[in-house]
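Biologist: I would like a close look at one salt bridge in this model, and then at how its surroundings are built. Please take the charged partners one at a time and work outwards from there.

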Amino acid sequence: MDPTEPRISVLVVDDEPGIQRTLLTLFEMSGLEARAAGDGREALGLLESFAPDVIVSDISMPDLDGIRLLREVRRRDLDLPVVLVTGLPSVESAAHAVELGAHRYITKPFDHGELLATVKNAASIYRTARLQRKALSQLGLLAEGASDRAGLEARFGAALESVALYYQPIFPSAGGPPVGFEALLRTRSTDLPDVGALLDAAHRLGRVRDVGRRVRKLAPEPLLGRSELLFLNLCPEDLSDPDLFDRGTGLEGIAHRVVLEITERDRLEGVAAVTRVASELRARGYRIAVDDLGAGYSGLNNLATLRPEFVKIDMSLVRGVDADPVRQKLVRALCAVSHDLGSSVVGEGVETVPERDALVAMGVDLLQGFLLGRPEPWAPGRPG
Ligand code: G
Ligand code: MN
C-alpha cells in the first residue's frame, strides 16, 4: 500500500481472547491499526468513536452475534466491509451473510496470509467507494450530503409505493372453484426490479416491517365481500410488529378468512415469542400456515410449536414427485403427521398433471401451482 496513504484500520470482534489476540497481532505486525471488541454490542459501542476500514467478526458470540452485528452495521453504512469468520459454518448463517452483504465468509481455522489479503482488498474497495462518492458530490453529480443510503432510501420508498399484489388460486384436490388465493408481492419499479431486491433494500434500511404493512393494507381489498380465504406471507419481522394487531384495518375485518403463512426462511427468532404471537393472532380469528415445509430452512419443529391449520409442502418436494419414490414417502409421511395434528395439507408449485395426480393420490387436500393457476393481478372476473 502507498506509504502516503493513512493506515488501514480494522475492528476485530471475537469472544475468544486467544483468537482476539492472534488477530490483533497479525494485523499490527502487518502495519495495520487494529482494535478489538468481545462481542457485537461492544463493537457497536466502539464504532461510535472508531471508524475502521474493515470489520473482522466471529459469528457465534454471546449477547449480539456476528449476523446481528452485520445487520446493525448495514443500518449505518451500506459499504463498510464485514468479513465473517466462523468455526461452525452453516447454510443458514452463510445465507444471512450474503443477504446482508458480508464481504467474505471465512471458516476457522483460517490461513493468516489469506485473511490479511482479504482485509487489505476489502479496505481498498471501501476507500475507492468513498472516494468515488466524494468526487461525484464535488462534481455536483450527487446531491450535497447524499450518501448511498439516502439514494437507497429514495429508491426503496418509490418501489414500496408502486408494489402490486398478484393472487394465485388454491384449489381443493377434489376439484371445483378455488378455496382461496395467496397474495404475492411484485414490484413495478425499475430501480428495485424484483421482490428480492426490494426485500434486500428493506433489510439494509431496517424497514422490513414497512413492506409487511403495505402488503397487509393492499391484500384484502379484492377479497372484501367474497367468501374465499386469503393466504398472506409473514416475515419474522412482521411477527414482532405491534401494527400486526392494528384494529379496524381491512385485514382485521376479514380475519376469519385470513391464513397467515409463516416460514423459517429468515429464522424464527425466539420460538416462545412466535408461539405467543400465533395464539394472539388466533384469538383474533386468523389461521396459521407453515410455509415451504420440506425446504432446507423450514423444519418439522414448526408443526410442533405452531400447530398450524395449514401445512404447505414446498415445491422442491412436489417437483417430479410422481416419478420419485423417496419424495412420495416424504409427502405421504408429511400428510399423515399433518392430518394427525388436524392440519390441512397444501401441495405448492404443482406444474404437471402427473405431479397433481400423485399428490391427490397421497392425500394432499389442496393444490397450488402454475398448472392450476399462475399468480396474476386481481381481475374482476376471477373464478370463485
Ligand atoms: O415461499 P412461497 O411458497 O410463499 O413462494 C411462492 C412463490 O412460488 C411465488 O413467487 C410464486 O410465483 C411461485 N410459484 C407459484 N406456483 C409455482 C409453480 O407452479 N412453479 C414455480 N416454479 N413457482 C411457483
Ligand atoms: Mn407462501
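What is the relative accessible area of Lys 108, and how does that class the residue?

Modeller: The model is predicted, and what follows is computed from its atoms. Lys 108 has a relative accessible area of 22%, which makes it partly exposed. The limit for buried is under 20%, so Lys 108 at 22% is not in that class. The partner of Lys 108 is Asp 58, with 3.4 Å between the closest N and O atoms of this salt bridge. The two ends come from distant parts of the chain, 50 residues apart: Asp 58 belongs to strand β3 (residues 54–58), and Lys 108 to the loop between β5 (104–107) and α5 (112–138). Asp 58 has a relative accessible area of 4% and is buried. The salt bridge therefore pairs a partly exposed lysine with a buried aspartate.

A second salt bridge involves the elements on either side of that loop. Arg 104 and Glu 114 meet through their side chains, at 3.0 Å from N to O. Here strand β5 supplies Arg 104 and helix α5 supplies Glu 114, so that distant parts of the chain, ten residues apart, are linked. Both ends are partly exposed: Glu 114 has 37% relative accessibility, and Arg 104 has 33%.

His 103 sits in the loop between α4 (91–99) and β5. His 103 is also partly exposed, at 27% relative accessibility. Apart from neighbours within four places in sequence, the residues in contact with His 103 are Pro 81, Val 82, Val 83, Thr 118, Asn 121, Ala 122 and Ile 125. From the C-alpha atom of His 103 to that of Val 360 the separation is 46 Å, with their positions 257 residues apart along the chain.

For context, the whole structure holds 25 salt bridges. One of them has its partners 130 residues apart in sequence and sits elsewhere in the chain. Glu 182 bridges to Lys 312 with the closest N and O atoms 2.8 Å apart; Glu 182 lies in strand β7 (residues 180–186) and Lys 312 in strand β11 (residues 310–313). Both of these ends are buried, Glu 182 at 3% relative accessibility and Lys 312 at 0%. There is also a network, in which shared partners join Arg 213, Arg 216, Asp 238, Asp 241 and Asp 243 through salt bridges.

Glu 182 has a further role in the geometry, as a metal donor. The manganese ion (ligand 2) has protein donors Glu 182 (OE), Asn 233 (OD1), Glu 261 (OE) and Asp 291 (OD), at 2.1 to 2.4 Å. Of these, Glu 182 is in strand β7 and Glu 261 in strand β9 (residues 258–262), so this pair ties together parts 79 residues apart in sequence. Glu 261 is buried as well, with a relative accessible area of 0%.

The nonpolar side is the last part of the picture. In soluble globular proteins, nonpolar side chains tend to be buried together. The largest nonpolar core in this model has 58 residues, and the members touching the most others are Phe 156, Leu 230, Val 331 and Leu 359. Beyond four places in sequence, Leu 359 is in contact with Val 318, Val 321, Val 331, Gly 347, Val 350, Val 364 and Leu 367.

Terms used:
Residues are numbered from 1 along each chain as its sequence is written. Chains are lettered from A and ligands numbered from 1 in the order in which they are written. This is a predicted model: local features need pLDDT of at least 70, side-chain atom pairs count only at pLDDT 80 or more; totals for chains, interfaces and linings use all residues. Side-chain values use heavy atoms; hydrogens and water are left out. A nonpolar core is a set of buried Ala, Val, Leu, Ile, Met, Phe, Trp, Tyr and Cys residues joined through side-chain atoms within 4.5 Å. Buried means under 20% relative accessible area, exposed over 50%, partly exposed in between (1.4 Å probe, protein chains only). Contact means heavy atoms within 4.5 Å. A salt bridge is a side-chain nitrogen of Lys or Arg within 4 Å of a carboxyl oxygen of Asp or Glu. Helices (H or I, at least four residues) and strands (E, at least two) are DSSP runs, numbered from the N terminus. Donors are N, O and S atoms within 2.8 Å of the metal (3.2 Å for Na, K and Ca); water is not among the atoms, so sites may look incomplete.
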